[in-house]
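Thanks for coming, everyone. I'll put the sequence and the structure up, and then we'll go through them piece by piece.

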Amino acid sequence: PILNNDWFYTRWNGYFVAPATGTYTFGGVVDDNIAVYANNQKVFERSCCIGSADYTNSVGVTLKAGEVIPLRVEFLEAVGDAYVKLYVKQDGVSEQIVPRDWLRTEVRPSDAQYGLRGRYYRLNNERTFPTNGNDPDRLLMSRLDTKLSFVWNDGVAPTPGLPSDFKIGRAHV
């Protein structure tokens, strides 16, 4: 096996997104060791062996709704049983295993628009896309399309005022 049953170390890195304004306290269930770093500060550490959620010496982190902070969890397995669970509780809300939608692998601003950038071009005689992806003489419109589900029948343009004879080029996330 790639990973032995004993004597291994795991580090998880990502981001925690606060679903509501409040103070968040991280804890865990672990055999053998766990350390939790929120916003690059150690907020919880515990050594062997706890079978129910523990917050001993945990430091609360006060966050605003939608705030994104770095989160790192380190786990060390020595011998015997091996388990780890990351818990969180927040201002009077019952403790729970950190829900997956509160975790991110990359930073994404909460007010960002999502979709694909569509660039709509006037057709040339060869009916080809611009070779360099940017032909200002042929560009009709650029917009964020939040989903790709269009039906343009004959004579229908992507938006009023544009010609119905067009191509869509290079979509970017």
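One definition before anything else. Strands here are DSSP runs of E, at least two residues long, and they are numbered from the N terminus. With that numbering, N39 lies in the loop between β3 and β4. Keep that residue in mind; I'll come back to N39.

A word on what you are looking at. This is a predicted model.

Now the overall picture. How many helices and how many strands does the protein have? Zero helices and 13 strands. Read from the N terminus on, every element in the run is a β. The protein has 173 residues, and 34% of them count as buried.

Next, the sheet. Five strands form an open sheet. The order is β4-β3-β7-β1-β10, and the pairing is antiparallel. Which strands sit at the edges? They are β4, residues 41-47, and β10, residues 103-104. Each of these two pairs on one side only. As a general reminder, strands of a sheet pair through backbone hydrogen bonds, either parallel or antiparallel.

Look inside that sheet at β3 and β7. β3 covers residues 33-38, and β7 covers residues 68-77. They pair in the antiparallel sense over six bridges. One bridge deserves a pause. Y37 has R72, in β7, as its bridge partner. The side chains meet too: R72 lies over the face of Y37, 3.8 Å from the ring centre. There is another charge over a ring elsewhere. The charged end of K89 sits over the ring of Y55, at 4.2 Å from the centre.

On to the aromatics. The structure holds five aromatic pairs. Take F16 and W102. Their centres are 6.1 Å apart, with 85 degrees between the planes, and the pair is edge-to-face. F16 is in strand β1, while W102 is in the loop between β9 (93-97) and β10. That is 86 residues apart, so to speak of distant parts of the chain being linked is fair. Are the two residues buried or exposed? Both F16 and W102 are buried.

W102 has another partner, Y24. Why is that pair called edge-to-face? Because the planes of Y24 and W102 stand at 85 degrees, and the cut-off is over 60. The ring centres are 6.3 Å apart. Y24 lies in strand β2, residues 22-31, and W102 in the loop between β9 and β10, so this pair ties together parts that are 78 residues apart in sequence. Y24 is buried, as is W102. Put the rings together: F16, Y24, F26 and W102 form one aromatic cluster.

Now the largest pocket. Its space comes to about 250 Å³. What lines the largest pocket? There are 13 lining residues, and W12, L71, V73, L86 and L103 lie nearest the centre. By class, the lining has eight nonpolar, two polar and three charged residues. Four strands, β1 (8-17), β7, β8 (83-90) and β10, each supply at least two lining residues. β1 gives the most, with four.

Last, the backbone oddities. For context, most residues other than glycine have a negative phi, and most peptide bonds are trans. Where does this model depart from that? Start with the peptide bond from C48 to C49. The bond is cis, with omega near -25 degrees. C49 lies in the loop between β4 and β5 (50-54). C48 also brings in V30: their C-alpha atoms are separated by 6.6 Å, and the two residues are 18 apart along the chain. V30 is found in strand β2. V30 counts as buried because its relative accessibility is 0%.

Then the positive phi values. W7 has a phi of about 55 degrees, although W7 is not a glycine. W7 is found in the segment before β1. Its relative accessibility is 63%, so W7 counts as exposed.

And back to N39, as promised. The phi of N39 is near 55 degrees, again positive in a residue other than glycine. Its loop is the one between β3 and β4. With a relative accessible area of 40%, N39 is partly exposed.

That's the tour. Questions, please.

Note on methods
Residues numbered from 1 in each chain as written. Predicted model: local features only at pLDDT ≥ 70, side-chain atom pairs only at ≥ 80, totals over all residues. Heavy atoms only, no water. Pairing = 2+ DSSP bridges. 1 Å grid on protein atoms, 1.4 Å probe; cavity = no way out; pocket = protein on both sides within 12 Å on 5 of 7 lines; lining within 4 Å. Points joined across faces, edges and corners; volume = space filled by probe spheres on them. Nonpolar A, V, L, I, M, F, W, Y, C, P; charged D, E, K, R; others polar. Phe/Tyr/Trp six-rings, centres within 6.5 Å; stacked < 30°, edge-to-face > 60°. Buried < 20%, exposed > 50% of the residue type's maximum accessible area, 1.4 Å probe, protein only. Lys NZ or Arg CZ within 6 Å of the ring centre and 35° of its normal.
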